[in-house]
Amino acid sequence: MCAVTTGGPDMFYPEFAADTLKPVLFGMLYFCGMQVLPPFGAFAAADDLLVGMIGLCVRAGNRRAADYVRLKRIHLALARGWPREAYRLLGDLAATIGDLEDVVFSKAGLLRWESACPWSRVDQPDRQVLFSSLYLAMGRLFAANGQYADALVVLEAGLIHATVG
């Protein structure tokens with residue numbers, strides 16, 4: 001459970017295991033309106049909740065869950081019509097996935113990049129979710145910038161992850 005004290009941003013001290021974190025994470029994401037657009041256009045409130053959830057995940061030592069929530073922030077920025085913010089947020093994943101400026105956006109290039117990415121070593125369901133969500137966000141960003149060939153490559157890669165299993 002979480003021990004709560006008074007005052008400041010450090011009021012939550014996660015003392016829960018990773019398996020306890022998962023229902024909290026999904027509850028927060030659902031509450032944030034991430035199944036659909038945030039209610040009443042409450043994008044800022046949804047983003048604040050996601051930022052808080054990233055902090056909880058990091059403090060619990062669950063980088064994979066933190067990356068998943070970071071992906072949700074990227075999708076939220078895209079839903080807001082803020083592709084520059086989404087691109088900036090994509091940079092927040094660099095510690096895990098590397099610099100995307102170094103990725104060759106071809107089928108072979110993405111396979112090479114994936115094999116070096118730490119997400120390639122997680123269990124199949126998590127790998128599917130992480131890569132398909134990332135590729136969807138990247139495809140939307142490429143399309144928003146008129147880079148349709150790159151968008152198609154990453155969206156096809158995402159489709160492969162989304163249909164595996």
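Below are four exercises with worked solutions on the structure above.

The model is predicted, with local features needing pLDDT of at least 70 and side-chain atom pairs counting only at pLDDT 80 or more, while totals for chains, interfaces and linings use all residues. Residues are numbered from 1 along each chain as its sequence is written, and side-chain values use heavy atoms, leaving out hydrogens and water.

**Exercise 1.** State how many disulfides the structure holds, and decide whether Cys57 and Cys117 are buried or exposed.

Solution. Begin with the term: a disulfide is a pair of cysteine sulfur atoms within 2.5 Å. The structure holds zero of them. Next comes accessibility, where buried means under 20% relative accessible area, exposed over 50%, and partly exposed in between (1.4 Å probe, protein chains only). Cys57 has 0% relative accessibility, so Cys57 is buried. Cys117 has 1%, so Cys117 is buried.

**Exercise 2.** Describe the surroundings of Ala66.

Solution. First locate the residue: Ala66 lies in helix H3, residues 63–79. Helices (H or I, at least four residues) and strands (E, at least two) are DSSP runs, numbered from the N terminus. Ala66 counts as buried because its relative accessibility is 1%. Then list its contacts (heavy atoms within 4.5 Å). Leaving aside residues up to four places away in sequence, Ala66 touches Ile54, Cys57 and Val58. Finally, the C-alpha atoms of Ala66 and Met53 are 7.5 Å apart, with their positions 13 residues apart along the chain.

**Exercise 3.** Find which residues of helix H6 are buried and which on the other side are exposed.

Solution. In H6 (residues 107–116), the buried residues are Gly109, Leu110, Trp113 and Glu114. Seen down the helix axis, they fall within an arc of 135°, so they line one face of H6. The arc is taken from the directions from the helix axis to the C-beta atoms. On the other side, Lys107, Leu111, Arg112, Ser115 and Ala116 are exposed. The cover over the buried residues includes helices H5 (94–97), H7 (124–144) and H8 (148–163).

**Exercise 4.** Work out which helices supply the largest nonpolar core.

Solution. A nonpolar core is a set of buried Ala, Val, Leu, Ile, Met, Phe, Trp, Tyr and Cys residues joined through side-chain atoms within 4.5 Å. The largest has 28 residues, and Ile74, Trp113, Trp119, Leu134 and Met138 have the most contacts inside it. At least two residues of this core come from each of H3, H4 (83–90), H6, H7 and H8. H7 gives the largest share, eight residues. A second, separate core of 11 residues includes Ala46, Leu50, Met53 and Val69.
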